[in-house]
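Here's a quick walk through one protein chain, from a ring contact out to the whole fold. Have the viewer open as you read.

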Amino acid sequence: QVQLQESGPGLVKPSQTLSLTCTVSGESITTSPYYWSWIRQPPGKGLEWMGGIHHSGNTDYSPSLKSRTSISRDTSKNQFTLQLSSVTHEDIGVYYCVRGYMGTDEYDYWGQGTQVTVSS
């Protein structure tokens, strides 16, 4: 059974960098053809794909967030990490890490999600 678990601070101050880690169990993040993404949902809005990391380690980012987003991984811990810089109140929402497949918009396993609030 594949499981994903997000971790990180739920409260971030404006202009600071948000850092979230997704710990994966039941599957290696280096296994093809899996693709590991971060998706968020602002209050009252739909899901927004932020970016992802291929099993190979290559990364992709949403054009609207590319300048502020970095995704990396630690294969020894089977984790991948999101960093979002210069956060504002527009970044408030629930953040999910998910497993998908290269070349598709299909996601089959989701973390439970973690609430992120931006406040001074």
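## Rings and their company

Arg99 sits over the face of Tyr34, 3.8 Å from the ring centre (a charge counts as over a ring if NZ of Lys or CZ of Arg is within 6 Å of the ring centre and within 35 degrees of the ring normal). A word on the ground rules: this is a predicted model, where local features need pLDDT of at least 70, side-chain atom pairs count only at pLDDT 80 or more, and totals for chains, interfaces and linings use all residues. Residues are numbered from 1 along each chain as its sequence is written, and side-chain values use heavy atoms, with hydrogens and water left out.

Tyr34 also belongs to an aromatic cluster with Trp36, Trp38, Phe80 and Tyr101. Searching the whole structure turns up six aromatic pairs (rings of Phe, Tyr and Trp, the last by its six-membered ring, with centres within 6.5 Å; planes under 30 degrees apart are stacked, over 60 edge-to-face, the rest tilted). One of them is Trp36 with Phe80, a tilted pair at 6.1 Å centre to centre and 50 degrees between the planes. That pair ties together distant parts of the chain, 44 residues apart. Strands here are DSSP runs of E, at least two residues long, and helices are runs of H or I, at least four, both numbered from the N terminus.

How buried are these two rings, and how does Thr81 fare? Buried means under 20% relative accessible area, exposed over 50%, and partly exposed in between, with a 1.4 Å probe and protein chains only.

| Residue | Strand | Relative accessible area |
|---|---|---|
| Trp36 | E4 (residues 34-41) | 0%, buried |
| Phe80 | E8 (residues 79-84) | 0%, buried |
| Thr81 | E8 | 17%, buried |

Thr81 has a side-chain polar contact of 3.3 Å with Thr21 (N or O atoms within 3.5 Å; within protein, one must be able to donate a hydrogen and the other to accept it, and residues adjacent in sequence count only if both atoms are side-chain atoms). Beyond its neighbours within four places in sequence, Thr81 is in contact (heavy atoms within 4.5 Å) with residues including Trp38, Thr21 and Ile71.

Now zoom out. The protein chain has eleven strands and zero helices. Its C-alpha trace spans about 40 × 25 × 25 Å along the principal axes. Of its 120 residues, 42% count as buried. Among contacts with a separation of 6 or more, 54% come from residues 24 or more positions apart.
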